[in-house]
Amino acid sequence: GAKKIIVRLVDKSEFEANVVGKDPHIDVAVIKIAAKERLPMLTLGDSDNLQVGEWVMAVGNPFGLDSSVSSGIVSGKGRHLGQAYDRLIQTDASLNPGSSGGPLVNLNGQVVGVSKAIVSQGGGNIGISFATPINLIKEILPQLRAEGKVTRGWAGLAIQEITPGLADSLGMTKPDGALVADIVHAGPAE
């Protein structure tokens, strides 16, 4: 809903930006600036190759302090915070207000995620941070660039993981697979 977007680079040069596309489901937007020369950029890495225990850095703008960096390790992958397309990277790299939307960078200097949120009991930066994997963003970039939005298919199913307790109650020998918990009325699966 912003009326004007300004991008300020490290050298303090500023550019007005236009939104090319946005996906509110994963909280990502592609913006475009008109620079007269080619600007330096980070390489996009492969978030599927991230390993739990690998060091990462979260770059952001907490409290208006430009280009702040915090570091930590990847402490989990494929995490869900309750949104439909969550497959988040969990890290202990500290995020403060203003840091979401910044890159999560591996030790090779490649962007492996985009910082999204922190879960904290006290509401501060002491907690667990989450980032959207860059591979998820790479999947939708062509649609964002061409159409300005993302169109996803859907099956109309509510699926849940088979937990040990659920497996036991269903007479399964081990907790493998998923359970179709519900079918959406008038959806494709019905």
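1. In this predicted model, D27 is found in the loop that joins strands β2 and β3, and its phi is positive, near 60°, although the residue is not a glycine. The side chain sits on the outside of the fold in terms of accessibility, since D27 has a relative accessible area of 59% and is exposed because that value is over 50%.

2. K12 can be read alongside D27, as K12 is another residue other than glycine with a positive phi, in this case near 75°. Its place is in the loop between β1 (5–8) and β2, and at 54% relative accessibility K12 counts as exposed.

3. How many salt bridges does the structure hold? There are four, and the background is that side chains of opposite charge can pair when their charged atoms come close. One of the four pairs R8 with E14, with the closest N and O atoms 3.0 Å apart; R8 is partly exposed at 49% relative accessibility, and E14 is also partly exposed, with a relative accessible area of 47%.

4. A further salt bridge joins D23 to R152, where the closest N and O atoms are 2.5 Å apart. D23 lies in strand β2 (residues 14–23), while R152 lies in the loop between α1 (134–147) and β11 (157–161), so this pair ties together parts of the chain that are 129 residues apart in sequence. The surroundings of the two partners should be noted as well: D23 is buried, with a relative accessible area of 3%, whereas R152, at 23%, counts as partly exposed.

5. D176 and K174 form another of the salt bridges, with their closest N and O atoms 3.4 Å apart, and D176 counts as partly exposed at 44% relative accessibility.

6. Does the helix α1 come out at the expected span or away from it? The 14 residues of α1, at 1.5 Å a residue, should span 20 Å, and the end C-alpha atoms are 20 Å apart, which agrees. The reader should nevertheless look along the axis, where α1 bends by about 40° at I140, with a proline, P142, following within four residues. After the helix comes G148, whose phi is positive, near 80°.

7. Which residues of α1 are buried? They are I134, N135, L136, I137, I140, L141 and L144, and what covers them includes the strands β2, β3 (28–33), β4 (43–44), β9 (110–119) and β10 (128–133).

8. L144, which lies in helix α1, deserves a closer look, as this residue counts as buried at 0% relative accessibility. Leaving aside residues up to four places away in sequence, L144 touches V20, G21, K22, D23, V30, K149 and V150; D23 in that list is the residue that forms the salt bridge with R152. The C-alpha atoms of L144 and V19 are separated by 9.8 Å, although the two residues are 125 residues apart along the chain.

9. On the surface, L157, I159, V180 and I183 form a nonpolar patch, and together they have about 340 Å² of accessible area. The elements that contribute two or more residues to this patch are β11 and β12 (178–183). Taking I159 as an example, its place is in strand β11, and at 56% relative accessibility I159 counts as exposed.

Terms used
Residues are numbered from 1 along each chain as its sequence is written. This is a predicted model: local features need pLDDT of at least 70, side-chain atom pairs count only at pLDDT 80 or more; totals for chains, interfaces and linings use all residues. Side-chain values use heavy atoms; hydrogens and water are left out. A salt bridge is a side-chain nitrogen of Lys or Arg within 4 Å of a carboxyl oxygen of Asp or Glu. Buried means under 20% relative accessible area, exposed over 50%, partly exposed in between (1.4 Å probe, protein chains only). The expected span of a helix is 1.5 Å times one less than its number of residues. The bend at a residue is the angle between axes fitted to the seven residues ending there and the seven starting there. Contact means heavy atoms within 4.5 Å. Patches are made of residues with over 30% relative accessible area and no salt bridge: like charges are joined within 9 Å, nonpolar side chains (Val, Leu, Ile, Met, Phe, Trp, Tyr) within 5 Å. Accessible areas come from the Shrake-Rupley method with a 1.4 Å probe; for residues, only the protein chains shown count as cover.
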